[in-house]
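Open the model in your viewer and keep the sequence panel beside it. We will go from stop to stop, with something to select at each one.

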Amino acid sequence: GQFGRVGRYALHFHMIGNVRQSYLRSNSVHHTYNRAVAIHGVHYLRVTDNVAFETRGHTYFIEDGGETKNVIQGNLASNV
């Protein structure tokens, strides 16, 4: 991600609705300056078994709160 720039995140699912076949699994994100994973306007995304190290801001981020049926489990954030 890019520090201080809205919408510039390492992994970003943005306003695409239902994504039943999509997932983020077993990724590593390190030394990012603006979050690791952002979920915005997305439903049914699976975010599992990822590692984020040395991130700024909310590491695993759900943007509006209207996102539903997403599964976020087994992830690790360190040195946030």
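In which strand does Met15 lie? Select residues 11-18: this is strand 1, and Met15 lies in it. Please keep in mind along the way that this is a predicted model.

**Stop 1: two unusual backbones**

Stay with Met15 and check its backbone torsions. Its phi is positive, about 50°, although Met15 is not a glycine. Most residues other than glycine have a negative phi. Now move on to Ser26, in the loop between strand 2 and strand 3 (28-32). Ser26 is not a glycine either, and it has a positive phi of about 60°. Is Ser26 buried or exposed? With a relative accessibility of 55%, Ser26 counts as exposed, because the cut-off for that class is over 50%.

**Stop 2: the sheet 2-5-8**

Next, colour strands 2, 5 and 8. These three strands make up an open sheet in the order 2-5-8, with parallel pairing. Strand 2 (23-25) and strand 8 (71-73) are at the edges with a single partner strand each, so one side of each has no neighbour in the sheet. From one strand to the next, the twist averages 5°.

Zoom in on strand 5 (residues 46-48), which pairs with strand 8 in the parallel sense over three bridges. Which residue of strand 8 is the bridge partner of Val47? Select Ile72 and you have it.

Now click on Thr48, which is also placed in strand 5. Thr48 has a relative accessible area of 15% and is buried, because the limit for that class is under 20%. Show its surroundings: leaving out residues up to four places away in sequence, Thr48 touches Leu24, Arg25, Ser26, Gln73 and Asn75. Ser26, the exposed loop residue from the previous stop, is thus one of the contacts of Thr48. For a distance to try in the viewer, pick the C-alpha atoms of Thr48 and Val71: they are 7.6 Å apart in space, with the two positions 23 residues apart in sequence numbering.

**Stop 3: the sheet 3-6-9**

Switch the colouring to strands 3, 6 and 9. Here three strands form another open sheet, in the order 3-6-9, and the pairing is parallel. Strand 3 and strand 9 are the edge strands, and each of them pairs on one side only. The average twist from one strand to the next is 10°.

Follow the pairings across this sheet. Strand 3 is joined to strand 6 (residues 51-55) by four bridges, and the two run parallel. Across that pairing, Thr32 stands opposite Thr55 of strand 6. On the other pairing, three bridges connect strand 6 with strand 9 (residues 76-78), in the parallel sense. What stands opposite Phe53 in strand 9? The residue to select is Ser78.

**Stop 4: the nonpolar core**

Hide the cartoon and show side chains for the largest nonpolar core, which has 11 residues. Among them are Phe13, Val19, Leu24, Val29, Val42 and Val47. The largest share of this core, three residues, is supplied by strand 4 (residues 37-43). Nonpolar side chains tend to be buried together in soluble globular proteins.

Centre the view on Val42. Apart from neighbours within four places in sequence, its contacts include Phe13, Met15, Val19, Glu67 and Asn70. That brings Met15, from the opening stop, back into view as a contact of Val42.

**Stop 5: charges over rings**

Finish with two arginines. Select Arg25 and Tyr23: Arg25 lies over the face of Tyr23, at 4.1 Å from the ring centre. Then select Arg35 and Phe61, where the charged end of Arg35 sits over the ring, 3.7 Å from its centre.

Technical notes
Residues are numbered from 1 along each chain as its sequence is written. This is a predicted model: local features need pLDDT of at least 70, side-chain atom pairs count only at pLDDT 80 or more; totals for chains, interfaces and linings use all residues. Side-chain values use heavy atoms; hydrogens and water are left out. Two strands pair if DSSP finds at least two bridges between them. Axes are lines fitted to C-alpha atoms, for helices over the stretch in contact, and angles run from 0 to 180 degrees between N-to-C directions. A charge sits over a ring if NZ of Lys or CZ of Arg is within 6 Å of the ring centre and within 35 degrees of the ring normal. Buried means under 20% relative accessible area, exposed over 50%, partly exposed in between (1.4 Å probe, protein chains only). Contact means heavy atoms within 4.5 Å. A nonpolar core is a set of buried Ala, Val, Leu, Ile, Met, Phe, Trp, Tyr and Cys residues joined through side-chain atoms within 4.5 Å.
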